[in-house]
Amino acid sequence: MDPAVMELEIGPGPEPGSYVARVLRSVGGGEPRETFRLDLDELVDRRPLLEASVLSSAVSARRVMSDTEAVLQDVGRRLFDAAFAGSVGTAYRTSIAVASERGLSVQVSLRLTAPGLAALPWEALYDAETDRYLCRKEPLVRHVPAAHTPVLRIAPPLRVLGMISSPRGLPLLDVELERDRLEQALSPHIDDGRVELSWLEDLTWDGLHAKLLEGSWHVLHFIGHGAYDTRADEGVLAFVGRDGRADYVTASALADLLDEAEPTPRLVVLNSCQSGTGGPTDLFSGTAAALARSGIHAVAAMQFSISDDAALAFSRGFYTALAHNRGIDEAVRSGRIGILGAGRGTLEWVTPVLYLRGDAHLFDLGPVPTDHVAPPPPPAHADATGRPRGDTPEQREPASARASAASAAPAPPTPATAGEGTARRPAWRRWAIAGAASVLAAGAVVTALLLIPFGGDPGGSGDQPSTAELAVPLDMDWVDVGLYCTLGDEFVIEVTGRGWLDETADSQIGPDGLPAGERPEARVLPDANTGSVIGKLDTTPEIFAVGTGTTYPCPAQGGLMLGINDTDLANNSGEFGAFVTLNQ
């Protein structure tokens with residue numbers, strides 16, 4: 001479910017050294033503002049100590065609170081106490097409480113309009129009252145103003161262009177190992193057809209130029225060296241020059257180069273040292289911020305140097321969330337949680353920074369094509385990644401190559417155990433088409449696709465639970481799920497996604513519909529929110545509320561139908577994704 005948003009603008013105040021924090025919008029309502037003072041120069045001067053503390057934490061032992069964390073927590077507390085003082089802090093806590101009642105998280109969106117503020121580590125924001133770092137509990141983004149942009153619908157795979165730059169004269173990167181790590185992080189999603197990873201072998205200016213013109217790319221993932229040029233007051237990335245040495249490409253020049261792509265990639269990931277750093281005078285001087293300002297919808301970057309283990313953990317959590325249609329803000333938070341799990345004492349979860357231009361939901365990744373061939377199971381002597389133990393990186397075959405060379409006859413899945421916890425989904429899910437897809441003549445949009453696993457029983461008479469995964473369009477009447485129950489069975493339904501009830505951005509909803517009970521006259525089911533997901537059996541008149549999820553005991557035999565709680569579907573757009581399990 002998409003988070004609620006609290007957008008906070010922090011800009012210059014009436015006097016030197018003063019700033020104004022103003023709530024532009026929040027789920028808790030109101031637009032309070034507060035003036036505060038902040039010693040910007042002193043905090044910027046502490047950046048080297050903070051970076052050293054964060055990086056050293058990757059190898060430090062965990063105590064009640066290490067000296068390194070004390071440094072981070074002090075900076076985070078000072079930033080929170082300043083920006084969230086008085087009525088602004090009250091609005092934040094109210095938003096958290098209201099969102100919690102609705103089962104939502106709160107995206108804290110910072111709009112930094114005073115030069116110099118971008119250089120501060122806002123990802124360290126620490127609320128002493130609740131003893132928590134904001135970015136570990138709620139998605140936190142650095143907002144770049146932009147007009148509303150529709151979600152980009154993608155037929156899998158999500159195309160990722162990987163780039164590694166290791167020029168002479170800079171600390172050498174183990175190119176094969178770096179490739180192997182990213183492939184390892186993406187391997188499950190490459191294998192199931194959700195992601196395609198390609199590599200740019202020649203990371204020169206001309207090489208990237210040619211690759212951008214060659215095809216469409218959704219994500220660019222850069223691994224290499226970055227820095228901040230204090231003389232030019234601009235972030236730079238180190239490409240490889242014609243002589244093999246570093247060719248420092250400024251953020252503004254890189255933005256112009258990326259404009260050559262058609263369409264321009266929506267997401268750039270900068271896995272490089274200091275790529276998220278902003279300058280003390282130019283609000284958009286950092287590499288990441290400059291790319292976002294230039295038109296890249298989202299840029300995930302690193303504001304400090306990052307260890308290899310943390311970079312791998314971030315990529316794994318980040319891309320897993322993206323592959324499952326999470327918003328980019330939630331994907332970055334998933335990457336942070338991945339880093340947190342890589343070492344109990346690490347503070348490197350504070351290192352990633354997200355600059356977001358517009359909406360957080362960049363992609364709507366459709367169902368995996370039914371002709372996708374899953375790779376064979378790993379051999380008995382393989383490790384957890386599916387690679388034979390003892391292989392060197394040079395001997396390891398990329399996940400993309402393994403998938404393309406897979407046998408056309410996948411191994412049969414192991415059935416799930418009857419009565420297993422409903423939150424668990426079989427790791428072996430291999431899908432086959434079991435229902436028809438309706439296609440709208442205008443735009444040829446697939447409106448419903450029903451999927452049932454091998455070994456499932458669409459009639460509901462088998463010993464094992466059957467499952468289905470499908471789209472529930474907001475502009476379509478009831479959708480047949482394709483699962484059939486008898487008295488005593490139950491359906492476990494989970495729903496995610498977003499849509500709109502008209503052409504305005506304010507009409508955006510999740511599976512729970514309009515959160516404040518608006519438009520009651522348009523409801524099919526009076527007791528559920530307008531626009532929420534509802535269900536029924538095709539043999540009974542009873543309609544029940546589904547929302548983001550429910551367990552429905554079947555009162556009779558019949559086939560499950562899902563729909564939208566709205567009597568006027570004509571202006572609706574978007575769709576929800578539903579996963580249904582039949583427990584017999």
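**Helix H6, cavities, aromatic pairs and unusual backbone sites**

Trainee: What length does helix H6 reach from its first C-alpha to its last?

Mentor: This is a predicted model, and helix H6 covers residues 175-191, which makes 17 residues. At 1.5 Å a residue, 24 Å is expected. The reach in the model is close to that value, at 22 Å.

Trainee: At which residue does H6 bend?

Mentor: The bend in H6 amounts to about 50°. A proline, Pro188, follows the bend within four residues. The residue at which H6 bends is Ala185.

Trainee: How many of the 17 residues of H6 are buried?

Mentor: A residue counts as buried when its relative accessible area is under 20%. Among those in H6 that meet this criterion are Glu178, Arg181, Leu182, Ala185 and Ile190. H6 is largely enclosed by the rest of the structure, because the number of its buried residues is twelve.

Trainee: Which residue with a positive phi follows H6?

Mentor: The residue in question comes after the helix, and its phi is near 85°. It is Gly193.

Trainee: What is the volume of the largest cavity?

Mentor: Rolling a probe the size of a water molecule over the atoms shows where empty space is left. A search of the whole structure finds two cavities of 30 Å³ or more. The largest cavity has a volume of about 50 Å³.

Trainee: Which strands and which helix each supply at least two residues of the lining of the largest cavity?

Mentor: The lining of this cavity includes Met163, Leu220, Phe222, Leu254 and Val268. Its residues divide into nine nonpolar, no polar and no charged. The elements that each supply at least two of the lining residues are strand S11 (219-224), strand S13 (234-240), strand S15 (267-272) and helix H8 (251-258).

Trainee: How do the residues of the lining of the second largest cavity divide into nonpolar, polar and charged?

Mentor: The second largest cavity has a volume of about 30 Å³. Thr149, Pro150, Arg266, His297, Arg357, Asp359, His361 and Leu362 form its lining. These residues divide into two nonpolar, three polar and three charged.

Trainee: Why is the pair of Phe84 and Tyr92 classed as edge-to-face?

Mentor: The search of the whole structure finds ten aromatic pairs. The rings of Phe84 and Tyr92 have their centres 5.3 Å apart. Planes over 60 degrees apart count as edge-to-face, and the pair is therefore classed in this way because its planes stand at 65°.

Trainee: Which residue forms one aromatic cluster with Phe84 and Tyr92?

Mentor: Phe84 is buried, with a relative accessible area of 6%. Tyr92 also counts as buried, at 1% relative accessibility. The residue that joins these two in one aromatic cluster is Phe80.

Trainee: Is the pair of Phe314 and Phe318 stacked or edge-to-face?

Mentor: Phe314 and Phe318 are four residues apart in helix H10 (residues 308-323), so about one helical turn separates them. Both Phe314 and Phe318 are buried. Their ring centres lie 5.3 Å apart and their planes are at 20°, so the pair is stacked.

Trainee: Which residue does a cis peptide bond join to Pro156?

Mentor: Omega of this cis peptide bond is about 15°. In the loop between strand S8 (152-154) and strand S9 (158-164) lies Pro157. The residue joined to Pro156 is this proline, Pro157.

Trainee: What is the value of omega for the cis peptide bond from Glu262 to Pro263?

Mentor: Pro263 is found in the loop between H8 and S15. The peptide bond that leads to Pro263 from Glu262 is cis, with omega near 0°.

Trainee: Is Asp131 buried or exposed?

Mentor: Asp131 lies in the loop between strand S5 (126-127) and strand S6 (132-133). Its phi is near 55°, a positive value in a residue other than glycine. Since a residue with over 50% relative accessible area counts as exposed, Asp131, at 55%, is exposed.

Trainee: What is the relative accessibility of Asn325?

Mentor: Asn325 is located in the loop between H10 and helix H11 (328-342). Phi of Asn325 is positive, near 65°, although the residue is not glycine. Asn325 counts as partly exposed, its relative accessibility being 23%.

Trainee: What distance separates the C-alpha atoms of Gly577 and Pro473?

Mentor: Gly577 lies in strand S29 (residues 573-583) and is partly exposed, with a relative accessible area of 29%. Along the chain, Gly577 and Pro473 are 104 residues apart. Their C-alpha atoms are separated by 8.6 Å.

Key. Residues are numbered from 1 along each chain as its sequence is written. This is a predicted model: local features need pLDDT of at least 70, side-chain atom pairs count only at pLDDT 80 or more; totals for chains, interfaces and linings use all residues. Side-chain values use heavy atoms; hydrogens and water are left out. The expected span of a helix is 1.5 Å times one less than its number of residues. The bend at a residue is the angle between axes fitted to the seven residues ending there and the seven starting there. Buried means under 20% relative accessible area, exposed over 50%, partly exposed in between (1.4 Å probe, protein chains only). On a 1 Å grid over the protein atoms alone, a cavity is a set of points where a 1.4 Å probe fits but cannot get out, and a pocket is an open set with protein on both sides within 12 Å along at least five of seven lines; lining residues have an atom within 4 Å of a point. Grid points are joined across faces, edges and corners, and a volume is the space filled by probe spheres set on the points. Ala, Val, Leu, Ile, Met, Phe, Trp, Tyr, Cys and Pro count as nonpolar, Asp, Glu, Lys and Arg as charged, and the others, Gly among them, as polar. Rings of Phe, Tyr and Trp (its six-membered ring) pair if their centres lie within 6.5 Å; planes under 30 degrees apart count as stacked, over 60 as edge-to-face and the rest as tilted.
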